[in-house]
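This explanation leads the reader through a single protein chain, beginning with one of its pockets and moving on to the core, the cysteines and a backbone feature. The sequence and structure are shown first.

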Amino acid sequence: MFFKQKKPKAGEFDYEVARIQRMLDFVGETGKPLKAPNVEAIICNDCVVILDIKDDAGEKVSMCVVKDFRTIPFSLNFTPEQVERFNGGSGVRSRNFGG
């Protein structure tokens, strides 16, 4: 991480944390547990949540909420190994495309 994250004030994100926990509980109730290490996308009614689940030092989850998304009839046909090599390791990484 390039930027130092500020520590949230007590109670600052109570609603958001409760909704995320409810979503994770709901995902667990579907019968397919979240496994580490893994990157998983969860499509909600109003967003796509990308979870980067790591197993180092206990279970750690990084999350990205995508509000604008589209479904297209296209397949990348990447193997998990190709994705890991492209990302420079397991997990979610960013790359710049174009100029």
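The second largest pocket of this predicted model has a volume of about 600 Å³. Its lining comprises 20 residues, and those closest to the centre of the pocket are R19, M23, C44, D46 and C47. Three elements each supply at least two lining residues, namely α1 (14-29), β1 (38-43) and β3 (60-66). Of these, α1 gives the most, with 8 residues. In chemical character, the lining of the second largest pocket divides into 12 nonpolar, 2 polar and 6 charged residues.

The pocket may be placed within the fold as a whole. The protein chain contains 2 helices and 3 strands, and along the sequence these elements follow the pattern α-β-β-β-α. Buried residues make up 14% of the 99 residues in the chain. Among contacts with a separation of 6 or more, 15% join residues that are 24 or more positions apart.

Next comes the nonpolar interior. In soluble globular proteins, nonpolar side chains tend to be buried together. Here the largest nonpolar core has 7 residues: M23, V27, I42, C47, V49, L51 and I53. The elements that give two or more residues to this core are α1 and β2 (48-54), and β2 gives the most, with 3 residues. M23 and C47 belong to this core, and both are also among the residues closest to the centre of the second largest pocket. The helix α1 likewise appears in both settings, as a contributor to the core and to the lining of the pocket.

C44, another residue close to the centre of the pocket, lies in the loop between β1 and β2. Is C44 buried or exposed, or does it fall in between? Because its relative accessibility is 21%, C44 counts as partly exposed; the limit for a buried residue is under 20%. Leaving aside neighbours within four places in sequence, C44 is in contact with M23 and V49, both of which are members of the largest nonpolar core. M23 is 21 residues from C44 along the chain, and the C-alpha atoms of the two are separated by 8.9 Å.

The cysteines raise the matter of disulfides, of which the structure holds 0. For C44, the nearest cysteine sulfur is that of C47, 4.3 Å away, and C44 is in no disulfide. A disulfide requires cysteine sulfur atoms within 2.5 Å, so a separation of that kind does not qualify. Why does C64 form no bond with its closest cysteine? The closest cysteine sulfur to that of C64 is in C47, and the two sulfurs are too far apart for a bond because 9.8 Å separates them. With a relative accessibility of 39%, C64 counts as partly exposed.

A final feature concerns the backbone. Most residues other than glycine have a negative phi. N77 has a phi near 60°, a positive value in a residue other than glycine. N77 is placed in the loop between β3 and α2 (80-87). Because its relative accessibility is 66%, N77 counts as exposed, whereas C44 and C64 count as partly exposed.

Note on methods. Residues numbered from 1 in each chain as written. Predicted model: local features only at pLDDT ≥ 70, side-chain atom pairs only at ≥ 80, totals over all residues. Heavy atoms only, no water. 1 Å grid on protein atoms, 1.4 Å probe; cavity = no way out; pocket = protein on both sides within 12 Å on 5 of 7 lines; lining within 4 Å. Points joined across faces, edges and corners; volume = space filled by probe spheres on them. Helix = DSSP H or I, 4+ residues; strand = E, 2+ residues; numbered from the N terminus. Nonpolar A, V, L, I, M, F, W, Y, C, P; charged D, E, K, R; others polar. Buried < 20%, exposed > 50% of the residue type's maximum accessible area, 1.4 Å probe, protein only. Core = buried A, V, L, I, M, F, W, Y, C linked by side-chain atoms within 4.5 Å. Contact = heavy atoms within 4.5 Å.
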